[in-house]
Amino acid sequence: MTGAEKDLNTLLAAMRPTIREGEYVYAVWPDGKPLAGHIAAAVREAEGLTVVLPRADADALGLHYDYVAAWITLQVHSALEAVGLTAAVSAALAEAKISCNVLAGFHHDHLLVPVADAARAVEALHELSDRSRAANGAGQPAAPRLVLRSEDPADRAELLALTAAAFAISPVTGERVEGEPEEVDLLRRLFDCPEYLPEFSIVAELDGELVGHVISTRGRAGELELLGLGPIGVLPRLQRHGIGSALMKETIDRANAAGERGIALLGSPDYYARFGFVPSTSLGVQAPDAAWGEHFQILPLALWPGGASGVFQYAQPFDGPPSA
């Protein structure tokens, strides 16, 4: 296997996870039926032939399946005798609570993960790769340096442009937004509201370029002061590279250091659970809109007092522009 890499650190540093287009399923191929469709992998077992193929093909062929997966390829030429790559990748995904099925090809390793977890899986793998490069910098290309710092008022025009780019595709509908995304005006007004907290407006800077931003402003549940997080945005070309996670972790670290009690946000339970967020109702706090359900979450920090109650109230700009 000329050119195949065996060194684990090199493999992790250079693996470049990439999502293959489409959705894939596992199915048992009917006994005696000629193979058809775009079968991407097959395993002969005593019980029959298992095939991996595009979901659309399985539907067209009437094959039964339960597991719908995204296909991630590690874009590094790994030797079949390399030791530790599967274990390291599996451990990183297990830590993120993502199931994973591994297929080894002659040139690359391939991971099939639940389609709903594909973005989180790629982000977790990028973080694993970044850690490997950081720990084994000698002999590796220098990784761009990510700096997390407090926002400066001079950053604001660039941050508004960054937010416009980050939310050009609606996270709710998945469609392109016509005109300026609403998150841009929300951020503009958060910068100027009484609940603005400068130490919790955090910028991610990569080699001098602003690539991400998160803001948390003062919120309340009854008498309990909390942080209300959002919006959080990353330049589209750098999404799923761990920048959003870095901004979240920096926010949490700063909040604990400042003696804050907890952080509230509206977002995906699957994604934010990795940081310790739980449905707000489990802590006695109601969402501003009951329809949000488990998507409204709170991270109880080190000084969480217990016995919280009431409806969470975000900073005023979340209620919309002031009446004329």
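In this predicted model, Asp 185 and Arg 188 form a salt bridge, with the closest N and O atoms 3.2 Å apart. Both residues lie in helix α6, which spans residues 182–191. Three residues separate Asp 185 from Arg 188, about one turn of the helix. Asp 185 has a relative accessibility of 24% and therefore counts as partly exposed. The salt bridge is part of a network. Through shared partners, salt bridges join Glu 180, Asp 185, Arg 188 and Arg 189.

Arg 188 also forms a salt bridge with Glu 180. Here the closest N and O atoms are 3.3 Å apart. Arg 188 is partly exposed, because its relative accessible area is 33%, between the cut-offs of 20% and 50%. Glu 180 is likewise partly exposed, at 46%.

Across the whole structure, 16 salt bridges are found. One of them is formed by the side chains of Glu 151 and Arg 156. The N to O distance in this pair is 2.8 Å. Both Glu 151 and Arg 156 are buried, whereas Arg 188 is partly exposed.

The description now turns to the sheets. Six strands form an open sheet in the order β2-β3-β1-β4-β6-β5. The pairing in this sheet is antiparallel. Its edge strands are β2 (41–45) and β5 (101–104), each of which pairs on one side only. From one strand to the next, the twist averages 30 degrees. In a regular strand, side chains alternate between the two faces of the sheet.

At one edge, β5 runs antiparallel to β6 (residues 109–114). Four bridges join these two strands. Among the residues involved, Asn 101 has Leu 112 in β6 as its bridge partner.

Two helices are associated with these strands. Helix α3, residues 85–95, lies across β4 (68–74), β5 and β6. The direction of α3 is at about 20 degrees to β6. Helix α4 packs on the sheet and touches β1 (17–29), β4 and β6. The direction of α4 makes about 25 degrees with that of β4.

Helix α4 covers residues 118–135 and includes His 126. This histidine has a relative accessible area of 14%, so His 126 is buried; the cut-off for burial is under 20%. Neighbours within four places in sequence aside, His 126 contacts Pro 17, Arg 240 and His 241. Of these partners, Pro 17 falls within the residue range of β1 (17–29), a strand that α4 touches.

Elsewhere in the chain, strand β11 pairs with two strands, β10 and β14. Strand β11 runs over residues 262–266 and is mostly covered. Four of its five residues are buried. With β10 (residues 224–234), β11 pairs in the parallel sense over two bridges. Gly 228 has Ala 264 in β11 as its bridge partner. Helix α7 (residues 243–257) joins β10 and β11 in a right-handed β-α-β unit.

The pairing of β11 with β14 (residues 296–300) is antiparallel. Five bridges join these strands. Ile 263 and Leu 299, the latter in β14, are bridge partners. Strand β11 thus has a parallel pairing with β10 and an antiparallel pairing with β14.

Methods
Residues are numbered from 1 along each chain as its sequence is written. This is a predicted model: local features need pLDDT of at least 70, side-chain atom pairs count only at pLDDT 80 or more; totals for chains, interfaces and linings use all residues. Side-chain values use heavy atoms; hydrogens and water are left out. Buried means under 20% relative accessible area, exposed over 50%, partly exposed in between (1.4 Å probe, protein chains only). Contact means heavy atoms within 4.5 Å. Two strands pair if DSSP finds at least two bridges between them. Axes are lines fitted to C-alpha atoms, for helices over the stretch in contact, and angles run from 0 to 180 degrees between N-to-C directions. A crossover is right-handed if, with the strands pointing away from the viewer, the path from the first strand over the helix to the second runs clockwise. A salt bridge is a side-chain nitrogen of Lys or Arg within 4 Å of a carboxyl oxygen of Asp or Glu.
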